[in-house]
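User: Please take a close look at one part of this model and describe how it is built and what surrounds it. Use the rest of the chain for context where it helps.

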Amino acid sequence: MKEGQLLAAVASEIFKLRQLARFPPDVLQRLVVNCSFCQMASSTEAGKSFARRDKLLEIEKDIQKLWEENEVFKAESSERRPEPGEKFFGNFPYPYMNGFLHLGHAFSLSKLEFAAAYHRLRGANVLLPFAFHCTGMPIKASADKLALEIKEFGNPPAFPSIEDLSISTEMEPEEANGGVQTLPDKFKSKKSKAASKSGGSKFQWQIMESVGLSSDEIPKFQDPYNWLTYFPPLAKEDLKAFGLGCDWRRSFITTDMNQFYDSFVKWQMRKLWKMGKIVKDKRYTIYSPLDGQPCADHDRASGEGVQPQDYTLIKMEVLPPFPPKLSSLEGRRVFLAAATLRPETMYGQTNAWVLPDGTYGAFEINDTDVFIVTARAALNLAYQEKSRFPQKPTCLVELRGYDLIGLPLKSPLSFNETIYSLPMLTILTDKGTGIVTSVPSDSPDDFMALHDLKLKPALRAKFGVKDEWILPFEVIPIINIPEFGDKSAEKVCIDLKIKSQNEKDKLAEAKRLTYLKGFTDGTMLVGEYKGMKVQEAKPLLRNKLLEVGQAVEYSEPEKKVMSRSGDDCVVALTDQWYITYGESEWKNIAGECLSNMNLFSDETRNGFLHTLSWLNKWACSRSFGLGTRIPWDEQFLVESLSDSTLYMAYYTVAHLLQNGDMYGCTTSVAKSIKPEQMTDEVWDFVFCGGPFPEASDIPHSLLNKMKQEFEYWYPFDLRVSGKDLIQNHLTFCIYNHTALLPKHHWPRGFRCNGHIMLNSEKMSKSTGNFKTLRQAIEDFSADATRFSLADAGDGMDDANFVFETANAAILRLTKEISWMEEVLAAESSLRTGPHSIYADRVFDNEINIAVKMAEQHYNDYMFREALKAGFYDLQSARDEYRLLCGTEGMNRDLLWRFMDVQTRLIAPICPHYGEYVWKFLLKRDGFVIKAGWPTADSPDLTLKRANKYLQDSIVSMRKLLQKQISGSKKPNKKGTLATVPTEEKKPTVGLIYVNEHYEGWKEVCLRILERMYDTERRAFAPDHEILDALRNSSIGQTSDFKQIQKLCMPFLRFKKDEVASVGVQALDLKLPFGEIEILQENIDLIRRQLGLDEVEVLSASNPNDVSRAGAYVSLLNQNPPSPGNPTAIFLSSLSRSQDANEDTIAG
């Protein structure tokens, strides 16, 4: 076994080892030799035995068959509406079906599965449905790509060498962790999904081969609908193997291949349209020129969540005469077009900037105007109706930045009638237009670039800059900013000691300090809006520039966006259909819904609030891909994030329409229903409380049954998803529910989680750190996979699926089965009768605690903690009980209760294991998944604390005794080493002295601390106040106070630290249980664990007991016992008889 694997295995057992520390060496040695991590190591070293895993797989197969035969997950409504807690309806964003499900899907899904299983166990009527998303362009794009490859390279294809290839597209599940988008700002990932999931394959054919398809099967996938019949059934098969408690009758796929779902989406879209919530408008949107349509988040290989960035394009007119390079443009109006986010600063222009080595072009905008910009900017402009030929930029002259240096310009609002274009070395041509207008009063970059050119004649000479183009131009104050004055850029550059335009980090800090403050607090010093706040003047100035034709609107992606077809996206001004998210009244209603939802974390709620603050009109139509046609404009399809916002309602009736066929091809069980019979009136009646559709020819009983199903199950109680869907799908879900359904049917809860790592590294196919759900089940079994998913984590941070945890789970589950089999076989040898001994009471109490703690954690959907309380802690309690009972043996009824409780508590996470134990070992009726939550008395926390006291005391006494037996390693005062005790001098008697009450100066200290503790703030008064109280106390008046104070101060510090650790109970004058009673009851246990012949428990406050110490009473004075800390004296039989102390150690 590798060292790392062994350490991981040891870590998984660390809690148990801590418990073992309290046992004698000989017992400990036997336990360690037999403990699971050692067996695991030998098993791994032995090689390739998978018998334990295969045993679990065999159990899972049998249990799944049993579940299916008995239809245990079939969810039926009733005519009576359920009371709170009687039903649970949970769902999960349907995954995209262009590949196999992976552990990212399984992780998010497991949160729903565990929650649903918990509610089912408690007796709720549970509905957990599952569907498959096929809408959008990825499948169609992959199918078309495959067809092109076959056409170009043959069937099977003969591909060129890999060096000749460019970027690839991929066939991977689109919605890792339940979704694909990332929330702006704090939720953004550092790497695109395309980059992280690319497997290195360059051709679609090779990607298909990588998932196990043969050369005979692959050509069929040129038809996009073949994907729809291939992958969803495989996903269903994998989820069944996972043990998903799903009512599969309600499954469906999207797109018009399922005409019932197609009808549902058309009804939803028509209803929104009639309500005025879908409008046709021209808006800026991310757009793929290659695909010829907007590129929404689901259509992107990279750039998820990226929005259009709006600029003002300042038209800086080139003054004649034109230089030779521009001579062909004579007679045209030629402009350097500079993109700016700060049009209010144009009064302070001193020049324009160009990148000397940059590539530019003179592009024809219309019959008269020519813009000099980069080709990338020209392409964006062409898709924004700013090109003579729409969507086709026309370059009249190709230019370099050097060609533009020194051009005389007339720029809008500038106080300088003529300014010049000058070189700047830090311009980025992948942002804006490559032309930058210079305002050195407010831009630190502009100030330093101008400063460099003015002070460095050699730099001017290098680029051919004439003195008259720059030296006469001074900084023009235009805005006053508190703290920075009217030349903010100059001041901040001086403050930060910036010396050059090349100090990028310092300049970035300078901008951070001034830009936002300039917008929020700045005041205009010039122009017609003089005296007005910048944030008020900015939109007015922008509108004025646009109205008089001195500027135009311009937009581009705020970051690079690549479509799944491999296209570099632009921003286009498109005339299409939009859903009016962000509309004021609708936004307020969505906020009301959100405020009443259970979101399980503040971080999730803040994510939704942030999304509601910026989300605006959403393009809901596409012209390429698969899906449902927009019913009133069938040239368009409904895009993939707009047909997936209300479908949770469709689950409630899908089984009645489709008869269990996910494609909706078979007919209803009651009577044949055709999709065309599902009219808007029928959908309105079922979902919206509309009037009974008298004109419908669907049987009335079936109509009423559909309505009953919806009214029973809705609203859904929980939707589980990756956090990256907050910014679109989940927020869209809120909007659509509030628009279309009455308030009592609005969603009740969203639970969002982070992504999943594998073995502490990002899951990535490109690095090989990737595992499909099918592979995980094959490698670990379903229950061990589920166990590791539960253990991976629960919050919004990324979780960690550890292979060693899954392997350890295989061992734990199979060993537990073996242990139960042994106990059941040896039933007749177990102790019977009441729980009569201390160990029984402690074990019974630990079971009660496990039941209560697991219940709390399951209710909070904190499944790692539920696993700890319901399995790990119970295992430790059982192991401790087994050892504490000693020769008296374990109680039969208690063991039966333990097996019953543990099986129920682990059932939501490991249901196959639980079902096997329930039915085949415990021989119980029914199914454990519906067995009910175990009953338990209220935990006795005092007993738990008493047991901890007992165990801690035994550990402390054992260490002391072992030290005495091994002999002192330090020399005595004469310099000679102490010898190891002989057999006759070996300690055999233990005197344990207890003081159950703090007395004297310790009691005074505790009462002072009690008075000085603020329970609300959970803090003590300052130390000087505590010291003053000590001086004014009874001990402060004694003559030896200084000596007592030396004892008090460390005691006060110790008790303050103890309060921080265990709570205010650390200030109690006595423990809530009788120490003597606990120790006396367990004398036999103490004697066995310490290996002594005799043990006595004595009171340090009883003079008769103290006298029993004889000559060793001085040891009690040196080490007096206190509440919670008994003092032990160990004697040999010889030393006791001789009343000698030479072999005595006290503690």
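Analyst: Strand 9 (359-364) is joined to strand 10 (369-373) by a hairpin of four residues. This is a predicted model, and what follows was computed from it. The two strands of the hairpin pair in the antiparallel sense over four bridges. One of the pairs can be named: E364 has V370 as its bridge partner in strand 10.

Strand 10 also pairs with strand 7 (residues 333-340), in this case parallel and again through four bridges. Here L336 stands opposite I372 of strand 10. Strands of a sheet pair through backbone hydrogen bonds, in either the parallel or the antiparallel sense.

How many of the five residues of strand 10 are buried? Five of the five are, so strand 10 is largely enclosed by the rest of the structure. In a regular strand the side chains alternate between the two faces of the sheet. For strand 10, one side carries D369, F371 and V373 and the other V370 and I372, and both faces are covered.

Helix 12 (residues 375-382) is part of the surroundings of the hairpin. Its buried residues are A377, A378, N380, L381 and A382. These buried residues pack against both hairpin strands, strand 9 and strand 10, and also against strand 6 (308-318), strand 17 (551-557) and strand 19 (570-579).

Strand 8 (residues 351-354) can be described in the same terms. Both of its faces are covered, with N351 and W353 buried on one side and A352 and V354 buried on the other. Strand 8 pairs with strand 13 (residues 419-423) in the parallel sense over four bridges, and with strand 14 (residues 436-438) in the antiparallel sense over three. W353 takes part in both pairings: its bridge partner in strand 13 is L422, and in strand 14 it stands opposite V436.

Further along the chain is an open sheet of three strands, in the order 26-25-27 and with mixed pairing. Its edge strands, strand 26 (761-762) and strand 27 (799-801), each pair on one side only. Strand 25 (residues 756-758) runs parallel to strand 27, with three bridges between them; I756 has A799 of strand 27 as its bridge partner. Helix 26 (residues 782-792) lies across strand 25 and strand 27, at about 155° to strand 27.

Two helix pairs give a view of packing elsewhere. Two packed helices are described by the angle between their axes and the distance between the axes. For helix 11 (residues 259-274) and helix 21 (residues 647-658), the axes come within 11 Å and cross at roughly 145°, and the crossing is right-handed. F260, Y261 and F264 of helix 11 meet Y647, Y650, L657 and Q658 of helix 21. By class, this contact has six nonpolar residues, one polar residue and no charged residues.

The axes of helix 10 (residues 224-242) and helix 25 (residues 773-780) come within 9 Å and cross at roughly 35°; this crossing is left-handed. Helix 10 contributes L234, E237, D238, L239, A241 and F242 to the contact, and helix 25 contributes L773, R774 and I777. By class, six of these residues are nonpolar, none is polar and three are charged.

Two single residues complete the context. L1067 lies in the loop between helix 35 (1041-1062) and helix 36 (1075-1081). With a relative accessible area of 3%, L1067 is buried. Beyond its neighbours within four places in sequence, L1067 is in contact with L1006, L1009, E1010, F1020, K1055 and V1059. L1006 is 61 residues away from L1067 in sequence, but their C-alpha atoms are 5.7 Å apart.

Is E846 of helix 28 (residues 838-859) buried or exposed? Its relative accessibility is 18%, so E846 counts as buried. Leaving out residues up to four places away in sequence, E846 touches L874, A877 and K944.

The totals for the protein chain are as follows. There are 40 helices and 33 strands, and 56% of the 1147 residues count as buried. Of the contacts with a separation of 6 or more, 78% are between residues 24 or more positions apart. The exposed area is about 48000 Å², of which carbon and sulfur atoms supply 51%.

How values were computed: Residues numbered from 1 in each chain as written. Predicted model: local features only at pLDDT ≥ 70, side-chain atom pairs only at ≥ 80, totals over all residues. Heavy atoms only, no water. Pairing = 2+ DSSP bridges. Contact = heavy atoms within 4.5 Å. Axes fitted to C-alpha atoms, helices over the stretch in contact; angles between N-to-C directions. Left-handed = near helix turned anticlockwise from the far one by under 90°. Nonpolar A, V, L, I, M, F, W, Y, C, P; charged D, E, K, R; others polar. Buried < 20%, exposed > 50% of the residue type's maximum accessible area, 1.4 Å probe, protein only. Areas by Shrake-Rupley, 256 points an atom, 1.4 Å probe, with all protein chains shown as cover.
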